[in-house]
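Work through the two exercises below with the sequence and the predicted model side by side. Each task is followed by a solution that goes step by step.

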Amino acid sequence: RGDPREAHARGGTSPAERFPPPAPPRSAAARRAGAAGSAAMADLDGDDGGVVLRSGAGRMSLRLERASSFRLPIVEKDGSNDKTGAMLWPGARHLAQFLAHEGWGGKRTGAPRVFCELGAGTGLCGVASVTGGYCIGGVLTDGDEDSIDLARRNTDANDVTDVHVQRLLWGDKDHIAATRTTLEGIPPAGAASAELVVLAADVVDPCMEDKVCEELVDTVVALMQGSAWVKSSCLCCFVDRDYCRTFRRFVRFVSDAGLAMELHAWEAFCDEAPLMDAKLLRLTRVAGTEDGALDRSEKLAILERNEKLAEGLYQHFRPPKEAEEEEPEDPVLAFADAEDSDFEEGWGERSFADAEDSDVEEGWGDASI
């Protein structure tokens, strides 16, 4: 039962008080209705996995199965047993809030909008986009079979229609073609064209190799291309975890593909700053680059524009010039305690002397220890 003082600090004296039983499942229309509240998302880690999205227009309750604890390893050292898709990450929370806020009430006019979520994991963003009315349907995709099963269960639990779940490995042409076929079949009969939005939350992370980052961007571009879409874009939400090292590489790949970045500031759709300073960007094709044929000057112009935006997001986006020009430190560089070692000029390379009485003489040709 624990210390009563600790229970009081958690906000209740029992799990039942902290996490009341969930209400019975409701229709999508009923979940969109509700009392007005602040624009924020409350994540309730009860057994039911409830997630609540609130905006000035209403309150949305979703049932979301996912892992609720970081106490166990989510990835083994060899990369196996990857359970990252079962977690609810800050980027997905932030993007879901945007989708709920922008689509609330289903008052959208014009071409129907469909989504394709990459690395969907729990499927929160795709489910929220349809429940809130931002999209009429779409496809949840992931490369992990366990994540696909999880997204399918969450889709069924929230009773959303026209939401498909299928496997998509980034860069795989067959998978991309199959996903496009599914997407193009979602708009209702008679719709001349549709708008596509690619959802990508928490997919830009420090573990990415350049090849994976490039395949991600190539997949986004391949999905956005084609005459089936009257308009297309990608909503990418991420958290900087390595002092912009990964984000800098991502910006280069995005610019090389002819995609321009635009920030959706959190102040426009929430009252509270997002967890871990998550950033939401919209990627769109630059006019005149739809055929994919870009010369060097065009790529540099897009890169300059995107880097300027990135510098506004993070003061540390562009490292100092002295840090770029500084030669990487030799891992076998000598460390000398000034009290015990005497260094004289004339070494060909740096050396390390770790001896009680070390006499260093001139004329060494190579580094010595």
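**Exercise 1.** Determine how many residues the largest nonpolar core has, and which helix gives the largest share of this core.

*Solution.* Begin with the buried nonpolar residues, where buried means under 20% relative accessible area, and join those whose side-chain atoms lie within 4.5 Å. The largest core obtained in this predicted model has 41 residues, and those with the most contacts inside it are Leu183, Phe247 and Phe250. Its largest share, 7 residues, is contributed by helix H8 (residues 210-224). Next, take Leu183 and set aside residues up to four places away in sequence: among the residues that Leu183 then touches are Val114, Cys116, Val139, Leu196, Leu223 and Trp229. Finally, a second, separate core of 38 residues can be traced, including Leu53, Met60 and Val163.

**Exercise 2.** Establish the strand order of the open sheet of 7 strands, and find which strands stand at its edges.

*Solution.* Following the pairing from strand to strand gives the order S6-S5-S4-S7-S8-S10-S9, and the pairing is mixed. Strand S6 (163-167) and strand S9 (259-263) each have a single partner strand, so one side of each is left without a neighbour in the sheet. Averaged from one strand to the next, the twist is 20 degrees. At the S6 edge, strand S5 (residues 137-142) pairs with S6 in the parallel sense over 5 bridges, and Thr141 stands opposite Gln166 in S6. To complete the picture, add the helices: H6 (residues 145-157) lies across S5 and S6 and runs at about 170 degrees to S6, whereas H10 (residues 296-313) lies across S9 and strand S10 (279-285), at about 20 degrees to S9.

Conventions: Residues are numbered from 1 along each chain as its sequence is written. This is a predicted model: local features need pLDDT of at least 70, side-chain atom pairs count only at pLDDT 80 or more; totals for chains, interfaces and linings use all residues. Side-chain values use heavy atoms; hydrogens and water are left out. Buried means under 20% relative accessible area, exposed over 50%, partly exposed in between (1.4 Å probe, protein chains only). Helices (H or I, at least four residues) and strands (E, at least two) are DSSP runs, numbered from the N terminus. Contact means heavy atoms within 4.5 Å. Two strands pair if DSSP finds at least two bridges between them. Axes are lines fitted to C-alpha atoms, for helices over the stretch in contact, and angles run from 0 to 180 degrees between N-to-C directions.
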